Amino acid sequence: MRLSLAHEGVARQWFGESGPLALLPLVEPDLVAVVWSSFDDLSKLPPSAFLGRLEEASEGATAGATLASDRFAFPLMQQQSLQYVTEGVALLGDAAHAIHPLAGQGANLGFADARCLVTELAGARIEGHVPGDLGVLKRYERARKPHNYMAALAMEGFHRAFTSGMPLVGLARNLGLQFVQENKTLKQLAISVASGRL
Ligand SMILES: Cc1cc2nc3c(=O)[nH]c(=O)nc-3n(C[C@H](O)[C@H](O)[C@H](O)COP(=O)(O)OP(=O)(O)OC[C@H]3O[C@@H](n4cnc5c(N)ncnc54)[C@H](O)[C@@H]3O)c2cc1C
């Protein structure tokens, strides 16, 4: 859903008890997209109650904001295709793998699939193979599947770490994040992985 709120081009995210909440800046300077992965169906709350919950979850960042669209809720599913290709056919993006949106990685993985497939098809053409040959397409599958599985595993780990009520898990999560934040090399590595450059 969209919310009328000035954003100055900054995306913000909270990992609270009500589930990961993100305010994502849209092209319009005073409109943000709200993505809230919650165990409760917040779309059924009356608008004023919903805005109250939102203000609480965003630590006051949405104070004074108003709804700019309808709210929609749907179940999130983690799905991995066991097979990406068959003769003449290749699955890419969410058709091959759908992950939790908490880190905004789904589209990046799809773009990386597309880049890999194009590289393999171009290579096949130079080598004189038919692009739709199973052997050619399998190269794409072999290159992308492990990466996409790892990404899904990482998102599942993040999700569990942020929704666990166990104090020790919370402590380990916070210490881990702080360690990455303070270590330039690890932080750069995390950024490269998240942006699909590695
Ligand atoms: C709430 C939420 C927030 C997200 N936030 C982010 C984010 O911040 N960053 C990010 O990188 N990713 C995010 N994602 C994930 C991202 O949206 C998806 O990974 C991405 O859209 C997948 O792209 P796709 O082209 O593979 O599939 P889709 O975007 O699903 O596109 C498939 C298209 O095919 C069409 N279609 C389906 N069936 C047929 C048919 N039979 N005939 C013709 N057309 C058909 C559909 O209508 C659709 O337009 C988010 C996902 C969700 C659910």
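**Reading a predicted model with care**

Modeller: By class, the shell around the ligand holds four nonpolar, six polar and one charged residues, and this is a predicted model.

Biologist: What makes one residue of the shell around the ligand count as charged?

Modeller: The ligand is surrounded by V35, G93, D94, A95, P101, G104, Q105, G106, A107, N108 and G110. D94 is an Asp, and Asp is in the charged class, so D94 is the charged residue of this shell. G93 is counted as polar because Gly is placed among the polar residues. Helix α2 (residues 106-127) gives the largest share of the shell, four residues.

Biologist: How do you know which strands are the edge strands of the open sheet?

Modeller: Five strands form the sheet, in the order β2-β3-β4-β1-β5 with antiparallel pairing. Strands β2 (12-16) and β5 (66-67) each pair on one side only, and these two are the edge strands.

Biologist: Why are β2 and β3 said to pair?

Modeller: At least two bridges are needed, and β2 and β3 have five, in the antiparallel sense, so they count as a pair. One of the places to look is Q13, which stands opposite A22 in β3, and the hairpin that joins β2 to β3 passes through two residues.

Biologist: How do you know that strand β1 and β4 pair?

Modeller: Strand β1 (residues 2-4) and β4 share three bridges and run in the antiparallel sense, so they too meet the requirement of at least two. In β4, R2 has A33 as its bridge partner. A33 also stands opposite L24, which is a helpful residue to find when you trace strand β3 (residues 19-25) against strand β4 (residues 31-36), joined by five bridges. In that same pair of strands, L23 has V34 as its bridge partner, and a hairpin of five residues joins β3 to β4.

Biologist: Which residues of β4 lie on the covered face, and which on the uncovered one?

Modeller: V32, V34 and W36 are on the covered face, whereas L31, A33 and V35 are on the uncovered one. In a regular strand the side chains alternate between the two faces of the sheet.

Biologist: What makes the set that includes V32, V34 and W36 a nonpolar core?

Modeller: A core of this kind is a set of buried residues such as Val, Leu, Ala and Trp, joined through C-beta atoms within 7 Å, and L3, L5, L21, A22, L23, V32, V34, W36, L42, L54 and A57 form such a set, so these 11 residues are called a nonpolar core, the largest one. Two or more of its residues come from each of β3, β4 and α1 (47-57). Apart from this core lies another, of eight residues, among them V85, A90, L117 and V136.

Biologist: With which residues is V32 in contact, leaving aside its neighbours within four places in sequence?

Modeller: V32 is in contact with R2, L3, L5, H7, L23, L24, P25 and L26.

Biologist: How far apart do the C-alpha centres of domain 1 and domain 2 lie?

Modeller: Domain 1 (2-67) and domain 2 (79-163) have C-alpha centres 31 Å apart, and five residues of domain 1 are in contact with five residues of domain 2. On the side of domain 1 that touches domain 2, three residues are nonpolar, two are polar and none is charged.

Notes
Residues are numbered from 1 along each chain as its sequence is written. This is a predicted model: local features need pLDDT of at least 70, side-chain atom pairs count only at pLDDT 80 or more; totals for chains, interfaces and linings use all residues. Domain bounds come from an automatic or database domain assignment. Two residues are in contact if their C-beta atoms, placed from the backbone, lie within 7 Å. A residue is near a molecule or strand if its C-beta atom, placed from the backbone, lies within 6 Å of it. A residue is buried if 20 or more other C-beta atoms lie within 10 Å of its own, exposed if 12 or fewer, and partly exposed in between; C-beta atoms are placed from the backbone.
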